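Me: Got a minute to go through this one with me? I'd like to start with the ligand and then move on to how the helices pack.

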Amino acid sequence: MAEPLLQVKSLKKYFPITGGIFSKTIGEVKAVDDLTFTVYKGETLGIVGESGCGKSTTGRMLLRLIEPTEGSIIFENQEITSLSKRELRKIRRDMQMVFQDPFASLNPRHTVEKILEEPLIVHGIGSKQERKKRVQEMLEVVGLGSYHAKRYPHQFSGGQRQRIGIARALMTQPKLIIADEPVSALDVSIQAQVLNLLEDLQKEFGLTYIFIAHDLGVVRHISDRVGVMYLGRMVELADSDALYKSPKHPYTKALLSAVPIPDPEYKQERQLLAGDLPSPANPPKGCAFHTRCGACMEICKTERPKLKEVEAGHYVACHLYE
Ligand code: SF4
């Protein structure tokens with residue numbers, strides 16, 4: 001049995017809604033509402049859902065780039081939510097993030113060398129010469145030449161910029177990488193190259209990934225397990241194969257029916273998602289998906305289903321399985 005690297009328990013993030021001349025709190029947006037999951041060493045956990053489901057907020061909370069409202073995040077037996085800023089800085093060496101838009105996350109006025117060197121300076125790693133050498137090595141590792149070190153971000157293509165973003169995340173030799181939609185901004189032809197690079201790096205450096213995406217097709221390629229989020233909650237979590245072959249939650253089924261399958265013999269039954277995603281400021285009572293679910297029963301409108309293990313390692317939050 002693999003060892004847990006990260007354990008998330010009852011994690012919540014409520015953003016206050018303010019109004020009136022005194023900016024009083026008049027409500028809250030439940031961006032993440034009671035999330036519990038474990039990430040094991042060496043695996044890739046995909047987290048999927050429509051935009052606004054809380055997946056990116058979750059990713060940022062794990063690094064405490066956003067402060068959780070409640071809950072626990074344990075990384076290598078250490079509770080992250082109670083760490084001081086100094087202690088947090090130390091642990092961030094082991095947990096790094098790759099962002100969706102590499103152009104926005106790379107300082108346009110800095111050379112690639114300076115961008116890659118920065119995490120080493122922040123964490124006090126190596127002498128100037130050692131840092132320079134590591135920058136050059138890392139550029140080669142991500143498939144760029146060391147001669148790229150003196151160039152600026154605007155001199156690269158989107159795919160190359162994401163390689164720089166990945167190189168920067170790897171500079172401190174982290175254990176966990178949280179990749180937030182790392183290929184969504186790239187052309188489809190480039191997406192596969194970056195995904196393959198991430199897979200190769202995982203094998204080479206024994207990395208653990210949390211891979212956040214809105215597209216189940218992209219996540220399938222890279223994930224060992226996949227968690228599906230809807231309105232701030234996990235509605236299904238299973239091994240990648242089990243989830244794609246036999247999805248259980250009606251929301252997962254609808255998401256999957258939108259992913260094209262490259263097999264002319266395969267007749268795909270398309271299940272359209274009815275209606276829009278409800279506002280997380282005013283989520284439906286009971287099962288949050290009941291306003292869009294074709295299988296909705298009376299109980300779904302009043303009672304919130306709990307995430308339960310219905311087959312070995314396959315968790316679902318739906319009254320159909322109770
Ligand atoms: Fe549909 Fe009810 Fe299951 Fe929610 S609990 S997904 S409304 S069947």
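Me: Which cavity does the ligand take up here?
Reply: Bear in mind that this is a predicted model. As for the space taken by the ligand, it's the largest cavity.

Me: And how do the residues of the shell around the ligand divide into nonpolar, polar and charged?
Reply: The ligand is surrounded by Cys287, Cys293, Cys300 and Cys318, among others. His249, His290 and His319 are also among the residues around the ligand, and so are Phe289 and Leu320. The split is nine nonpolar, three polar and no charged.

Me: On to the helices: are α4 and α5 parallel or oblique to each other?
Reply: Helix α4 covers residues 112-122 and helix α5 residues 128-141, with their axes 9 Å apart. They pack at an angle of about 120°. That's over the 65 to 115 range for roughly perpendicular and not over 145, so α4 and α5 are oblique.

Me: What about α4 and α6, roughly parallel or roughly antiparallel?
Reply: Helix α6 is residues 158-170, and its axis comes within 8 Å of that of α4. The two cross at roughly 30°. Angles under 35 degrees count as roughly parallel, so α4 and α6 are roughly parallel.

Me: Is the crossing of α6 and α7 left-handed or right-handed?
Reply: Helix α7 is residues 188-205, and the axes of α6 and α7 come within 10 Å and cross at roughly 20°. That angle is why the pair counts as roughly parallel. As for the hand, the crossing of α6 and α7 is right-handed.

Me: And in which hand does α4 pass α5?
Reply: α4 passes α6 in a right-handed crossing. For α4 passing α5, the crossing is right-handed.

Key
Residues numbered from 1 in each chain as written. Predicted model: local features only at pLDDT ≥ 70, side-chain atom pairs only at ≥ 80, totals over all residues. Heavy atoms only, no water. Near = heavy atom within 4 Å. 1 Å grid on protein atoms, 1.4 Å probe; cavity = no way out; pocket = protein on both sides within 12 Å on 5 of 7 lines; lining within 4 Å. Sits in = over half its atoms within 2 Å of the grid points. Nonpolar A, V, L, I, M, F, W, Y, C, P; charged D, E, K, R; others polar. Axes fitted to C-alpha atoms, helices over the stretch in contact; angles between N-to-C directions. Helix = DSSP H or I, 4+ residues; strand = E, 2+ residues; numbered from the N terminus. Left-handed = near helix turned anticlockwise from the far one by under 90°.
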